[in-house]
Amino acid sequence: MNETAIRAVVEEVLSKLGKSTKPAGAAPAAAESKSSPNGIPVKSGPAIGGGSAPGTRSTGNYGVFQNVDDAVGAANDAFIQLKKKTIADRAKILNIVKTMCEQQAEELGRLEFEETKIGRLDHKIEKLKIIKLVPGTEFLKSNTYSGDHGLTIEEYAPFGVIGAITPVTHSLPTLAGNIVNMVAAGNTMVVNPHPSGARIACEGVRRFNKAFAEAIGIENIVTIIEKPTIESADQIFQHRGVRMLCVTGGPAVARAALGARKKAVVAGPGNPPVVVDESADLAHAARCIVSGAAYDNNLLCIGEKEVFAVQSIFDALMDEMSRAKGFRLNAQQIEALTKLAFAPPPKPGDHWVLNRDFIGRNATYLAQQIGLNVPKDTQLLYGETDTNNPYVSEEQMMPFVPFIRAKDATHAIELAHEYEHGYRHTAIIHSRNVRNMTTMGRLMDTTLFVKNGPSMAGLGLGGEGYLSFSVATPTGEGVTNPLTFCRVRRCSLVDELRVV
């Protein structure tokens, strides 16, 4: 007998005598050890790692919790209940989210704008109204295989609790879109919002969960951390009750999610370039560039960030930009704006340091910072730079777009490839030349490639397809949908049910 076995025998004998092997004043064990039927040591407590034992943890405030353990535990309880519901019940949940986002868009959009203080109010409202375009349970179509050896069916099953990180740029829209995708697949969620957009995210969760409870009797389908931190995000990443991760945020949180030992869907950085060649409809190209780059003051990760236009049409395109409600800055004005918007890299090879006070601000605000008054309806500032300007290389999120002259279409496409940095996120071209479109599409290898339209067309807004606010580039899922958050299960019946 080894030492462990001897100790176990002694403890059993002493317990029968009403004694204890623990020294007086010793703290109680965190969890009592025992063995499972297969002999593997386990600890007592929640079977799925939900934190506090049921009945002792916080019940939250319609999904709003103070700590990760309680939030995950409540979401796990909700998942167990949701598994007993029908797909029709899931559809009710999605309809609640879409209806509330549309009907309460002005109130919720204003609350988000007042909290985050970035972007444009009209676009905050619009982003909630278009949640109705996010796909739901209609994506859950089974695959069947029937032949001489019977019938096999593949169906889409949920993972369980999904840990989601949402950004400040679209706090409630990203959260609402994720609910539609993830709950359609049968999952529940625990959310760590960006701290600067946490109040509106929590308000949305409260309203959604209250309506869910009234509709199908489950309250904590979505749980959220009221005061999110880097530590709470890491706890979600590492929590054994969280089965999958979905991160929409900056590079640092994306790297952290990829380092967790579980499946992660990660929306990474982008620096979307635009190419305009000599065959393009210049007036249309200018309207599209302004529409895409000015949307919510260029907070979208897919938004046009820099333009490479061929020499022969460069000046004509610049004139069209002015007619499309852009305002052109001269070289001195661009230099002054650049000095305010960026600080030099801390050391060679580092990124330029972006002035956060400029992120998502109106074009008129940026102009005022350099002593310039522009028309109130100005949506976008633009001007000619060379490739050394940090506005070209950095993923800046403000309504100024640099324009760079290229010798020809081949040169413009090569520059676009260089300054997209291999993120493989989004690229745009304006051209009637099929060869140029094909060449750029193959070289860029981006998740979204938009031809002759604004960047939003790649998300079904003015183009075909469907909407999502999470575009997973590093992990390869692309524009997320309910199937992104499913497991594929196969069930085979051998030599039966083939009736043909």
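## Exercises on strand β6 and its surroundings

In β7, I165 of β6 finds its bridge partner in N192. Keep that pair in mind as you go through the exercises, and remember that this is a predicted model.

### Exercise 1: the strand and its partners

Work out which strands pair with β6, and in which sense.

**Solution.**
- Step 1. Start on the β7 side. β6 and β7 run parallel and are joined by six bridges, with I165 facing N192 as one example.
- Step 2. Now go to β9, residues 244-248. Here β6 pairs in the parallel sense too, over four bridges, and G163 sits opposite L245.
- Step 3. Look at how the chain gets from β6 to β7. Together with α6, the two strands make a right-handed β-α-β unit.

### Exercise 2: two sides of one strand

Sort the residues of β6 by the way they point, and decide whether each side is buried or exposed.

**Solution.**
- Step 1. V161, G163 and I165 point one way.
- Step 2. I162, A164 and T166 point the other way.
- Step 3. Check the cover: both sets are buried. That fits the count for the strand, residues 161-166, where six of six residues are buried.

### Exercise 3: the loop after β6

Place P167 and find what surrounds it.

**Solution.**
- Step 1. P167 belongs to the loop between β6 and α6.
- Step 2. Its relative accessibility is 9%, so P167 counts as buried; the cut-off for buried is under 20%.
- Step 3. Beyond its neighbours within four places in sequence, P167 contacts T174, H194, T248 and G249.
- Step 4. Try a distance as well: the C-alpha atoms of P167 and S196 are 8.8 Å apart, with their positions 29 residues apart along the chain.

### Exercise 4: an asparagine before β7

Find where N187 sits and which backbone oxygen its side chain reaches.

**Solution.**
- Step 1. N187 is in the loop that runs between α6 (171-184) and β7 (188-193).
- Step 2. N187 counts as buried because its relative accessibility is 0%.
- Step 3. Follow the side chain of N187: at 2.9 Å you hit the backbone oxygen of F485.
- Step 4. Fill in the surroundings. Setting aside neighbours within four places in sequence, the contacts of N187 are F79, L82, P158, F159, G160, I162, M182 and F485. I162 in that list is one of the buried residues of β6 from Exercise 2.

### Exercise 5: the faces of α9

Separate the buried face of α9 from the exposed one, and name some of what covers the buried residues.

**Solution.**
- Step 1. Helix α9 spans residues 251-258, and V253, A254 and A257 are buried in it.
- Step 2. Look down the axis of α9: the buried residues fall within an arc of 105 degrees, so they line one face of the helix.
- Step 3. Turn to the face pointing away from the buried side. There you'll find A252 and R255, which are exposed.
- Step 4. The cover over the buried residues of α9 includes β6, α8, β9 and β10 (263-267). So β6 turns up here again.

### Exercise 6: salt bridges

Side chains of opposite charge can pair when their charged atoms come close. Take three of these pairs and ask what parts of the chain each one links.

**Solution.**
- Step 1. The model has 17 salt bridges. One of them joins E154 and R490, at 2.6 Å from N to O. E154 is in strand β5 (residues 150-158) and R490 in strand β22 (residues 486-494), so this pair links distant parts of the chain, 336 residues apart. With a relative accessible area of 11%, E154 is buried, while R490 at 58% is exposed.
- Step 2. Next comes R206 with E226, whose closest N and O atoms are 3.6 Å apart. R206 lies in helix α7 (residues 198-216) and E226 in the loop between β8 (222-225) and α8 (230-238), so the pair ties together parts 20 residues apart in sequence. R206 is partly exposed at 22%, and E226 is partly exposed at 30%.
- Step 3. See who else joins in: E107, E203, R206, R207 and E226 form a network of salt bridges.
- Step 4. Finish with E320 and R323, where the closest N and O atoms are 3.3 Å apart. The two are three residues apart in helix α11 (residues 311-323), so about one helical turn separates them. R323 is exposed, at 61% relative accessibility.

Conventions
Residues numbered from 1 in each chain as written. Predicted model: local features only at pLDDT ≥ 70, side-chain atom pairs only at ≥ 80, totals over all residues. Heavy atoms only, no water. Buried < 20%, exposed > 50% of the residue type's maximum accessible area, 1.4 Å probe, protein only. Polar contact = N/O pair within 3.5 Å; in protein donor to acceptor, adjacent residues only side chain to side chain. Contact = heavy atoms within 4.5 Å. Salt bridge = Lys/Arg side-chain N within 4 Å of Asp/Glu carboxyl O. Pairing = 2+ DSSP bridges. Right-handed = clockwise from strand over helix to strand, strands pointing away. Arc of directions from axis to C-beta.
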